[in-house]
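Please examine the sequence and the three-dimensional structure shown here before reading further. The explanation below moves from the whole chain to individual pairs of charged residues.

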Amino acid sequence: MRRISSIADKETFSSLFEQEIMSYVPASGAPEPSPVASPAAARSTRAPAPQRRDFEAKLRAFYRKLESKGYGQGPGKLKLHIRREHLLEDAFRRIMSCSKKELQKGKLCVLWDGEEGLDYGGPSREFFFLLSRELFNPYYGLFEYSANDTYTVHVSPMSAFVDNHHEWFRFSGRVLGLALVHGYLLEAWFTRALYRALLRLPPALEDVDALDAQFAASLRWLQSARCVSSLELTFAVSERLADGRVLERELRPGGRELAVTERNKKDYLERLVRWRVQRGVADQTEWLVRGFHEVVDPRLVAAFDARELELVIAGAPELDVADWRTHTEYRGGYHDHHPVILAFWQAIDRFTNEQRLRLVQFVTGTSSIPYEGFSALRGSTGPRRFCIERWGRTESLPRAHTCFNRLDLPPYPTLQLLHEKLLLAVEETNTFGIE
């Protein structure tokens with residue numbers, strides 16, 4: 001068999017194993033966020049254990065720490081004099097001229113040029129709303145829409161050609177930090193990988209889904225493959241640069257000569273995930289994270305996970321349950337008047353808004369909903385509605401497929417059991433890992 005030095009060439013890799021990849025179903029369950037629970041817990045019909053993540057409590061503790069450390073309290077003011085017609089330029093010039101201490105301690109005051117009034121929150125709220133709509137707009141070249149949808153964005157590899165891009169990404173990080181410190185929401189939603197980067201957490205396989213679902217499927221197939229040594233892979237990848245050149249990169253020192261075996265496959269996949277997520281954007285992302293940490297001490301946000309940080313930065317809007325139900329489709333024998341589906345929507349009515357958002361995150365990978373509502377949800381291959389499919393036995397926990405916005409829901413016999421299992425799956429989960 002000819003030697004394969006990399007699986008980065010996804011066309012070659014996929015063509016070699018197309019049938020295996022397309023027919024691959026993980027033996028252990030979902031290839032997406034999967035519940036972490038013991039078999040005993042999965043079989044239990046008693047109320048679930050207390051939630052490990054108390055988001056509201058974390059948020060309160062976070063803002064108490066900010067206040068105790070003097071963040072945004074003054075006595076000095078961080079005055080931003082902004083002309084509406086030059087919003088981006090004025091914000092960049094003023095924010096980038098500030099010292100770290102001014103950014104952290106200054107009491108924010110936004111003054112719109114030619115407009116009377118004091119800033120009691122309204123002008124600042126409008127400032128962050130309008131600024132985020134411009135700064136994170138793919139039109140400017142710093143960010144681009146993810147492969148999965150047109151409402152989450154990530155750092156664009158082409159941003160390397162934007163003039164002074166390092167400072168623009170540092171500015172972007174400072175804007176994220178200022179909004180967080182002063183409690184203002186941004187009109188922008190990022191892929192999960194960016195929130196992980198802000199927390200200095202390693203990327204996960206699900207992050208590849210947002211960039212390249214086909215490549216992620218190849219990784220999942222390789223994860224389950226036996227006799228990986230027969231593929232003659234090495235710890236090196238072929239990377240096509242923006243100028244068209246192809247460069248071979250080693251995933252670890254001496255990687256060209258290091259064969260992938262069953263023993264080191266886990267390490268290989270972890271490095272390959274990191275390479276694919278950071279490919280062409282590692283430098284830009286580092287500058288963005290640097291700017292963010294110039295405003296917010298990384299130890300203060302360490303209590304959040306990536307999903308929670310998304311809610312803090314982008315907000316937790318009230319979900320329209322009627323719209324959600326109207327634009328949900330069913331498979332496997334379920335329908336809108338099926339007893340299990342009726343119980344599902346009764347359980348949703350019992351959920352708090354935070355728990356509903358967590359369920360949306362669990363199934364779609366993000367809490368962001370298009371402004372058109374659930375009718376405009378997108379999956380990895382285009383428009384794809386929220387879907388509930390019958391699957392599994394009653395002792396199983398629900399599972400999710402974020403590429404397809406699909407919830408696999410067992411036919412639980414009672415509302416109470418469905419509510420408990422669904423809440424357990426949503427609240428007590430880890431992201432899909434490489435095992």
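The following paragraphs describe the chain as a whole and then turn to its salt bridges.

The structure is a predicted model. Its chain contains 19 helices and 14 strands. The chain is made up of 435 residues, and 54% of them count as buried. The accessible surface of the chain amounts to about 20500 Å². Carbon and sulfur atoms contribute 51% of that surface.

How are contacts distributed along the sequence? Among the contacts in the chain with a separation of 6 or more, 72% are between residues 24 or more positions apart.

Attention may now pass to the charged side chains. The structure holds 29 salt bridges, and three of the pairs can be taken in turn, including Asp90 with Arg83, Glu270 with Lys266, and Arg358 with Glu308.

In the pair formed by Asp90 and Arg83, the closest N and O atoms are 2.8 Å apart. Is Asp90 buried or exposed? Asp90 has a relative accessible area of 1%, and because buried means under 20% relative accessible area, Asp90 is classed as buried. Its partner Arg83 has a relative accessible area of 30% and is partly exposed.

The salt bridge between Glu270 and Lys266 has an N to O distance of 2.7 Å. Where do these two residues lie with respect to each other? Both belong to helix 12, which spans residues 265-278. Because Glu270 and Lys266 are four residues apart in that helix, about one helical turn separates them. Glu270 is partly exposed, with a relative accessible area of 30%. Lys266 is also counted as partly exposed, at 40% relative accessibility.

The side chains of Arg358 and Glu308 form a salt bridge as well, at 3.2 Å from N to O. Arg358 is found in helix 18 (residues 353-364), while Glu308 is found in helix 15 (residues 306-314), so this pair ties together parts that are 50 residues apart in sequence. Arg358 and Glu308 are both buried.

Salt bridges may also be linked through shared partners. Which residues are joined in this way into one network? The network consists of Arg192, Arg196, Glu206, Asp207 and Glu310.

In review, the salt bridge of Glu270 and Lys266 lies inside helix 12, whereas the salt bridge of Arg358 and Glu308 connects helix 18 with helix 15. The reader may locate each of these pairs in the structure shown above.

Definitions and conventions. Residues are numbered from 1 along each chain as its sequence is written. This is a predicted model: local features need pLDDT of at least 70, side-chain atom pairs count only at pLDDT 80 or more; totals for chains, interfaces and linings use all residues. Side-chain values use heavy atoms; hydrogens and water are left out. Buried means under 20% relative accessible area, exposed over 50%, partly exposed in between (1.4 Å probe, protein chains only). Contact means heavy atoms within 4.5 Å. Accessible areas come from the Shrake-Rupley method with a 1.4 Å probe; for residues, only the protein chains shown count as cover. A salt bridge is a side-chain nitrogen of Lys or Arg within 4 Å of a carboxyl oxygen of Asp or Glu.
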